[in-house]
Amino acid sequence: MKIVLNGEAREVAATDLTGLLAECGFSGRVATSLNEEFVPAGLRAGQTLTDGDRVEVVAPMQGG
Amino acid sequence: MAKTFYGVELPNPLMLGTAQYPSPAILEEAFRESGAGVATVSLRREGAGGAGQTFWQMIADLDVLVLPNTAGCHTVKEAVTTAHMAREVFDTKWIKLELIGHTDSLQPDVFQLVEAARILSEDGFEVFPYTTEDLIVGERLLEAGCQVLMPWGAPIGSGRGLNNTYALRAMRAEFPDVPLVVDAGIGLPSHAAAAMELGFDAVLLNTAVAKAGDPVAMAKAMMGAVEAGQLACEADPIEARDMAEASTPVIGKAFLS
């Protein structure tokens with residue numbers, strides 16, 4: 001399936017958000033959104049992906 | 001007695017940003033050497049190498065209070081979603097709420113700011129709103145649930161200092177019991193000291209330290225400044241006057257002419 005991950009088009013095998021994070025090698029402290037809506041960590045496993053979904057994975061970064 | 005920030009007493013009045021340092025090692029040293037007790041942080045897209053995790057480990061090791069921001073957000077929805085992500089990632093209810101309204105000055109969009117502050121406060125967040133010195137906006141933010149106000153000193157990164165001391169003084173007088181922080185625009189320790197002399201409870205700055213030739217020394221200078229300013233404010237400074245008033249007693253002066 002084709003999705004957009006952090007702004008880049010990707011072909012992925014995962015069918016839910018948890019699977020996607022594992023497939024793409026994300027771990028540790030990250031937060032996710034699907035189509036501009038926040039998806040809490042506890043709901044990632046039940047969050048199925050469909051073609052064309054836009055996923056954001058963010059992590060701690062320097063800030064002012 | 002020092003005011004608390006949502007029940008938390010700060011170890012000192014310096015909140016320090018974590019962006020733009022020459023290296024992570026210098027950032028770390030700036031915190032350790034200055035003793036700044038609050039670090040502002042952000043959320044950005046995670047890369048494949050897990051850069052965010054390395055950064056987080058360094059911040060965690062500093063053992064400081066962490067204040068995540070919503071930097072770069074231009075809409076209520078974007079800011080609220082970012083705040084939710086920050087709460088999960090950083091495991092804190094604190095959020096420095098930034099809603100940018102103007103590209104060149106990075107002036108807060110105070111209308112959206114109040115709206116987002118209300119939504120987040122009702123959702124259990126402890127909001128630190130980056131605002132202007134407008135008293136009515138301040139009042140609305142407090143009504144929305146904020147228990148801290150953070151007016152700008154000058155545009156972010158400008159280093160101009162306190163552009164409007166009159167308004168900041170008025171804000172201090174209007175909200176005597178609210179923790180007030182000058183956030184942004186500080187360039188020099190004298191600016192930071194001036195904010196504290198006005199009776200502000202803390203100063204939040206980043207660029208002035210990170211972009212200085214020697215960030216570690218500047219961080220220490222800023223800490224000295226905020227502590228001096230705070231002490232001076234508590235010491236009840238004299239009023240300025242136009243004419244001289246001799247400090248050495250006239251009585252007892254020898255007659256020599």
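Here are some short exercises with worked solutions on a predicted model of two protein chains, A and B.

**Exercise 1. Describe the interface of chain A and chain B: how many residues does each chain give, and how much area is buried?**

Step 1. Start with the residues in contact. Chain A brings 25 residues and chain B brings 28 residues.

Step 2. Next, take the area. The two chains bury about 2,300 Å² between them, and 57% of it lies on carbon and sulfur atoms.

Step 3. Now look for the residues of chain A that lose the most area to chain B. They are Arg29(A), Met61(A) and Gly64(A), which together make up 29% of what that side buries.

**Exercise 2. Find the polar links across this interface, and say which elements of chain A touch chain B.**

Step 1. Count the salt bridges: there are three across the interface of chain A and chain B. One of them joins the side chains of Glu56(A) and Arg45(B), at 2.8 Å from N to O.

Step 2. Count the polar contacts: 18 residue pairs across the interface qualify, with both residues at pLDDT 80 or more.

Step 3. Find the elements. Strands S3 (31–34), S4 (37–39) and S5 (54–62) of chain A each give two or more residues to the side that touches chain B. S5(A) gives the most, with seven residues.

Step 4. Sort that side of chain A by residue type. You should get 11 nonpolar, nine polar and five charged residues.

**Exercise 3. Which strand of chain B pairs with S5(A), and in what sense?**

Step 1. Recall the general idea: strands of a sheet pair through backbone hydrogen bonds, either parallel or antiparallel.

Step 2. Look across to chain B. The partner of S5(A) is strand S2 (residues 38–45) of chain B, and the two pair in the antiparallel sense over five bridges.

Step 3. Pick out one bridge as a check. Gln62(A) has Val41(B) in S2(B) as its bridge partner.

**Exercise 4. Work out the strand order of the open three-stranded sheet in chain B, and name its edges.**

Step 1. Read off the order, which is S4-S5-S6 in chain B, with parallel pairing.

Step 2. Find the strands that pair on one side only: these edge strands are S4 and S6 (150–151) of chain B.

Step 3. Follow one pairing in detail. S4(B) and strand S5 (residues 126–131) of chain B run parallel and are joined by four bridges. Among the partners, Leu97(B) is matched with Pro129(B) in S5(B).

**Exercise 5. Is Glu98(B) buried or exposed, and which residues does it touch?**

Step 1. Locate Glu98(B) in the loop between strand S4 (94–97) and helix H4 (110–122) of chain B.

Step 2. Check its accessibility. Glu98(B) has a relative accessible area of 5%, and buried means under 20%, so Glu98(B) is buried.

Step 3. List its contacts, leaving out residues up to four places away in sequence. In chain B, Glu98(B) touches Asn69(B), Thr70(B), Ala71(B), Cys73(B), Tyr130(B) and Ile156(B). In chain A, it touches Gly64(A).

**Exercise 6. Compare the settings of Glu36(A) and Tyr6(B), beginning with their phi values.**

Step 1. Most residues other than glycine have a negative phi.

Step 2. Glu36(A) has a positive phi of about 70 degrees, and Tyr6(B) has a positive phi near 50 degrees.

Step 3. Place both residues. Glu36(A) is in the loop between S3 and S4 of chain A, while Tyr6(B) is in the segment before strand S1 (14–17) of chain B.

Step 4. Finish with accessibility. Glu36(A) is partly exposed at 44%, whereas Tyr6(B) counts as buried at 14%.

Note on methods:
Residues numbered from 1 in each chain as written. Chains lettered and ligands numbered in written order. Heavy atoms only, no water. Contact = heavy atoms within 4.5 Å. Buried area = accessible area lost by both parts, 1.4 Å probe. Salt bridge = Lys/Arg side-chain N within 4 Å of Asp/Glu carboxyl O. Polar contact = N/O pair within 3.5 Å; in protein donor to acceptor, adjacent residues only side chain to side chain. Nonpolar A, V, L, I, M, F, W, Y, C, P; charged D, E, K, R; others polar. Pairing = 2+ DSSP bridges. Buried < 20%, exposed > 50% of the residue type's maximum accessible area, 1.4 Å probe, protein only.
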